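Please open the model in your viewer and keep the selection tool at hand, as this tour goes from one stop to the next and says at each what to select.

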Amino acid sequence: MIKYPLVEDILHRYANVNAFTSDWIDVLKKELNNPKYPEKLSLFKKEFAEAILTEAITPERYEQITGEDFDTQEDLNVWLEKIWKNIFGATDIKLPDYP
């Protein structure tokens, strides 16, 4: 079972080495902010934060999803945090508050 289906789908479509374009972050932001799907951004943010903080996406899994190889979890974390900053700016990577 895929624990973070939206994150994996987004990474597969936008961070895949075979589909990488210079404007992929801008295109991704546009998709995440599509008014037809107002919940997509918040769901992605929640899933992505959890995936980063729990290291749920291993280098092996990331390579399966995107075709890109990272030697260590630390190297992958740096890359995922860079993606986070490009999408969410200076917003801290944290789990949402639950009631």
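Is Lys46 buried, partly exposed or exposed? Select Lys46 and look at its surroundings: with 29% relative accessibility, Lys46 counts as partly exposed, where buried means under 20% relative accessible area, exposed means over 50%, and partly exposed lies in between (1.4 Å probe, protein chains only).

Before moving on, note that this is a predicted model, in which local features need pLDDT of at least 70 and side-chain atom pairs count only at pLDDT 80 or more, while totals for chains, interfaces and linings use all residues. Residues are numbered from 1 along each chain as its sequence is written, and side-chain values use heavy atoms, with hydrogens and water left out.

**Stop one: a pair within one helix**

Now add Glu50 to the selection, and you will see the side chains of Lys46 and Glu50 meeting in a salt bridge at 3.0 Å, N to O; the term stands for a side-chain nitrogen of Lys or Arg within 4 Å of a carboxyl oxygen of Asp or Glu. Both residues belong to helix H3 (residues 40–53), where they are 4 residues apart, about one turn of the helix. Helices here are DSSP runs (H or I, at least four residues), numbered from the N terminus, as are strands (E, at least two). Glu50, at 15% relative accessibility, counts as buried.

**Stop two: other salt bridges**

How many salt bridges does the structure hold? There are 5 salt bridges, and one of them joins Arg61 to Glu8, with the closest N and O atoms 2.4 Å apart. This pair links distant parts of the chain, since Arg61 is in helix H4 (residues 59–66) and Glu8 is in helix H1 (residues 5–14), 53 residues apart. Colour the two by accessibility if you can: Arg61 counts as partly exposed at 26%, whereas Glu8 is buried, with a relative accessible area of 11%.

Next select Lys40 and Glu31, whose side chains meet in a salt bridge of 2.7 Å, N to O. Lys40 counts as buried at 19% relative accessibility, and Glu31 is buried too, with a relative accessible area of 15%. Widen the selection to Asp9 and Arg13, and you have a network of salt bridges that links Asp9, Arg13, Glu31 and Lys40.

**Stop three: two helices packed together**

Two packed helices are described by the angle between their axes and by the distance between those axes. Show helix H2 (residues 24–32) and helix H5 (residues 73–88), which pack at an angle of about 60° with their axes 10 Å apart. The two helices are therefore oblique to each other, a word for angles that are not under 35 degrees (roughly parallel), over 145 (roughly antiparallel) or 65 to 115 (roughly perpendicular).

To see where they touch, select Trp24, Ile25, Leu28, Lys29 and Leu32 in H2, which meet Trp79, Ile83, Asn86 and Ile87 in H5.

**Stop four: Glu81 and Glu55**

Stay on helix H5 and pick Glu81, which counts as partly exposed at 33% relative accessibility. Apart from its neighbours within four places in sequence, Glu81 is in contact (heavy atoms within 4.5 Å) with Ile52 and Ile93.

Finally, go to the loop between H3 and H4, where Glu55 lies. The phi of Glu55 is near 55°, a positive value in a residue other than glycine, and Glu55 is partly exposed, with a relative accessible area of 40%.

Methods
Axes are lines fitted to C-alpha atoms, for helices over the stretch in contact, and angles run from 0 to 180 degrees between N-to-C directions.
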